[in-house]
Every structure is written in C-alpha cells, then in structure tokens.
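Here are two short exercises to work through with the model open. Try each one yourself before reading its solution.

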Amino acid sequence: MSLDVLTFLFVGGSFALYIGIAIWARAGSTKEFYVAGGGVPPVANGMATAADWMSAASFISLAGLVSFVGRDGSAYLMGWTGGYVLLALLLAPYLRKFGKFTVPDFIGDRYYSSTARTIAVVCTIVISFTYVAGQMRGVGIVFSRYLHVDINTGVVIGMAIVFFYAVLGGMKGITYTQVAQYVVLILAFTVPAFFLSAQVTGHFLPQIGLGATLDSGMSVLATLDQLSVDLGFHQYTDGKKSTIDLFFLTVALMCGNAGLPHVIVRFFTVPRVKDARLSAGWALIFIALLYTAVPGVAGFGRVNLIQTLNGADGTGTAYTEMPAWFKNWENTGLLGWTDRNGDGKVQYAAGSAFTSKKPAFTEERGEYGQRIASNAKEGAEFDAAKQPFANEVYVDRDIMVLANPDIAQLPNWVIALVAAGAVAAALSTAAGLLLVISTAISHDLMKKTINPNISDKQELMYARLAAIVAICIAGYFGINPPGFVAQVVALAFGLACASVFPAIIMGIFWKRHTSQGAIAGMLVGLISTMCYMYYFAFGGGTPDEYIMGISPGGFGTLGAILHIIVGFVVSNMTEEPPQEIQDIVEDLRIPRGAGAAHDH
C-alpha cells in the first residue's frame, strides 16, 4: 500500500478517534469543562499528563535539536524531565490541597489580591500563547509533508481538529482524547526508534545505542564526533554554549516546566491527593519511555543524514540519485539545496549555503532539477583545508524525526505511524494550552474579577468563546513562528520560570510573602525576561551582548532570581499577610487533610 494511502488511513483514523471521544465525553458543566469532573483514574490521568507534557517540541523537535547541537541539547533533556519531577514533588501536592485548579486562582487567593490574580492571568496567557505557537507549527510541518499541502494550510487543518475536541469537550474531552493520543505518539516514536537502533547498531534498544560499536570499530558517539570534525562542525560531544549558559538554560527549562499551567491543572482531575501522586508517578514512567530514546534517535538520524547526503565516499551524492524523501522535503520549503560548485552533487558540511538562516525558494528548476534558492550565496568562498567542500544544503531541524524513517528506508506503515504520532503530540498539548487560556479568561478574569455573578452556563459560554478566539490567535503564531519548535517552547518556559514559578514556590513555602511582593516580583520577572528575549529575537541584539553569556532561552533563570529578590525585599517592607492567610499556608505544608477534588 502506498505511503499516501497509509498516511491518510493512520492520520484520518486517529482524527476520527479523537473527535469521537470528544463527542462521547463532551462537557456538560463547568466542573467537567475545567477539571473533567474530578474523577479520572490515576493511570489514565498519567497517560493524559504525559501526552500533555510531550508536545511537538518533545516528539518532533527535541531529537532534531540534539542531532544538530549535540551536547548543548542535553539542557533540554535534563530541563524538561527534571522540571516534571520538580512539579510533582514541590508544587502538585500543595496546589492540590489548596484546592485551586488554575495558577491565577491560586495566586489570587494566596495573595488576597485581584491585581495579583489579573497579573497571573496575563502571565498565563503570554506563556500559553508562546508555547502553543510551537505546537501549531509542528502540526503545519506534519501536514505539509504527508498531506501535500503548504504549512499554512496544515496549521488551519490543525486548528479545525483542535476546535472540535477542545471547545466541545473541555477538560473531560481533552483528558480521554489525550489518553488515546499518548498511545499513538509513544508507538509512533518508539517503533521507528527500535528499527533505527537495529539498523545502525544491531540491537533494538535506542536507550543504549550511542555507545554501540559500529562496523568501523568506533562507537556511534565517536563516529559522530569524527564526522562532525571532518565536515567543519564542532565535536558532537562538545557544545558551543558556555557552562554558565547551559546551566541557566537547564534551570529555566526545569522551573518553567514546573510552572506551566496546563500541566498543573492535571492534578485536579483525579479524586484524591493520593491519586494525584500516583498519576504523577505513572506520568513519569510514560514520559521516560520517550525521553530516554531521544539521544539514540538523534544520533542515529545524524549519522544517516550525513552519510546519505555525502555518499559512501564522503564527496557528495548526485542530485539525480537522491532518494525521494529529499525531494519531498524540498517541496515543503524545509530543506533546500543550491549547487554552489556546479558539479550536480549534494554536499553537506559546516557553514551556510544561503544568505539568510532559512532560504527563500523560487519555482524555477535548475539543470539538475534542484529547487533554486533566490538568496543563495553564489560563488561564496570556503576553506578547502578545513572541509572537503562548501555546504550546499539547508536542513530545518524540525524535520529530523519525521524524515528519519524516510532516510533509513523503513516500511511505509512506520512512516505513516510517525505522521500520526507527530500530529497527536502537537494537538494534545495545543488543546491543553488552549483550555488553560480559555479558563484564565472565563474563570479567573470574568468570574473571579469582572463579574462574580455570572451563572455556570454563562461562564461555560465565555470559556468556549475564549477558546475559539485563542485557536485563531494560536493559528496565526503557528503560521508566523519566531523560531524552531523547541526554541519557541524554550522561550515559553523561560517566561514561566521568571513569572509564575517563583510566586507559587514562595507562596507555598514562605508565609510572610505579601501581595505587594508577589505583584512586584511577577512584573519584574515577566517584563525583564520579555524585554531580553525580544531584544535578541527581534531587536538586533547579538550574542556578544549577552549578559554573562546567558542566551535568551536561559534568561528566565536570571528573571526568576530578580523576581525572588524583589519579592523578598518588597514583602519585608510591607505589612505581613493577614493571619488567616498565614494559617492557610502553614496548614498547606501538612500532607494530611486534603479531601476530594474541589469545585471551582
């Protein structure tokens, strides 16, 4: 059966399943819309949490990022997995006992301030929109390749699918949809990983594949180091980032992860605190199945890519002999080739073959059939002593996981499965984030701040309207993303690290923290981090201007430090919180006494 037919069957079948579950589990009350009625079993909630957690950044972009940056990619692996542990240990049980299922709700009540609640709503919306941009781009990438549409059309299709099961089903529909999505995405990631591991190393475990010995007598890691140096790249096991930047990025990803509102709300969908802890443990197991395979998948994909592009002799592969996957990805605009030396061969090395980071394409075809880059560096000089030839290829990092099965010539059903898994990963997180945005607007802003007298029916209507608007805005950011999927997501985590995470931690563990301190800290953390990120993303900032060498992705850690300092100083300069608030905080840290799930 052809790849196109299999892809339509796998992706179309998964869509039908998701929409069917959404209709079956559609929310009929605000409690079902916000926290799925508080009756989800721990194992199911663990699977839904894992699907929520493992977004397009985890499924599509993480292995691609590690493939290209090597050691520096470890920050993402450590940060994202470590962040979940931090959330499960330091935040989830206490927030669950406090009984507030949204971050703004916790901050508004803990700091006895509608102003603090409103600022938290703003933080939540900014974080969620930044995060969801990466998910919608991921959907567009998948559809552009496998459904033969452009990325923008792919994003629109994804918006329509999310609309059905997020707007209709709310948290109840999303939870059971995400259980199905977890099964699809984990199979879609691990099955090709087993194939790749067997093909490259001779055994089926990608988790230990990097240390496997190849026919050359060298390990996969040693081979990657040698190939990278030969082609002018830095060693795979040696990164470009400084130690301090790597540390700050890892901490920002950890703390940002722990402060992500769409995952925190998951701990309110189970009946008891005990079930919240159990679901956290199950989710960690489910997450580890994918994350422990990422380094191997990244390494195998990098080796296969270099050897396929440069040929067995390392001098390049004639374009006319390139496999179909190369030309298919060319047609998406996510891979490009310009024949700089006119020999008709595709040659991959360090350096850029294009005048901008991403090439722009015309519709013309050259003598060898290649797509011509309208901004190619014609006749650009290169140092032949350092590398055997000039780089002629642009490869978007986000295609690596999707292209891996193609490059390795795996069966068509495996490639179609990967497509279905990538869509599941992107849509599951996008739905969770959109629900958080709609909840922040309808519950925390409309119900708790602007008009406390609205009925449940009106609140549910506002939630669905907010979700519709949020989907449209998310689609815009998916069409116009500020970077690669993992990079965009890292920015969202940096914002969460600097704004909401310190406010939650200080609110739980320091009863002297006042509303004024929380407000000042959140504003300083959010504004400083946003300004730093904006300056280096859009304002013309260069890496040599980094403060202490800290990149924008890692600045969230510095923003969190500023947040804590400002919050501590202002709290000590202002009147201490009311005694009833201090008593609540004191009781919050006692593990006993948390009853069933609280209504909103």
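**Exercise 1.** In which crossing, left-handed or right-handed, does α4 pass α14?

*Solution.* A quick note first: this is a predicted model, where local features need pLDDT of at least 70, side-chain atom pairs count only at pLDDT 80 or more, and totals for chains, interfaces and linings use all residues. Residues are numbered from 1 along each chain as its sequence is written, and side-chain values use heavy atoms, leaving out hydrogens and water.

Step 1: find helix α4 at residues 56-69 and helix α14 at residues 294-310. Their axes lie 8 Å apart, at an angle of about 60 degrees. That makes α4 oblique to α14 (oblique is what remains after under 35 degrees, over 145 and 65 to 115 are taken out).

Step 2: α4 passes α14 in a right-handed crossing (the near helix is turned clockwise from the far one by less than a right angle).

Step 3: look at who touches (heavy atoms within 4.5 Å). From α4 come L62, A63, V66, S67 and F68, and from α14 come V294, V297, A298, R302 and L305. By class, that's eight nonpolar, one polar and one charged residues.

**Exercise 2.** Which helix gives the most to the lining of the second largest cavity?

*Solution.* Step 1: the structure holds four cavities of 30 Å³ or more (a cavity is a set of points on a 1 Å grid where a 1.4 Å probe fits but cannot get out; lining residues have an atom within 4 Å of a point). The second largest has about 70 Å³ of space.

Step 2: its lining includes F59, A188, V297 and N404. Both α9 (170-201) and α16 (400-407) supply at least two residues, and α9 gives the most, with five.

Step 3: the lining divides into 10 nonpolar, one polar and no charged residues.

Terms used:
Axes are lines fitted to C-alpha atoms, for helices over the stretch in contact, and angles run from 0 to 180 degrees between N-to-C directions. Helices (H or I, at least four residues) and strands (E, at least two) are DSSP runs, numbered from the N terminus. Ala, Val, Leu, Ile, Met, Phe, Trp, Tyr, Cys and Pro count as nonpolar, Asp, Glu, Lys and Arg as charged, and the others, Gly among them, as polar. On a 1 Å grid over the protein atoms alone, a cavity is a set of points where a 1.4 Å probe fits but cannot get out, and a pocket is an open set with protein on both sides within 12 Å along at least five of seven lines; lining residues have an atom within 4 Å of a point. Grid points are joined across faces, edges and corners, and a volume is the space filled by probe spheres set on the points.
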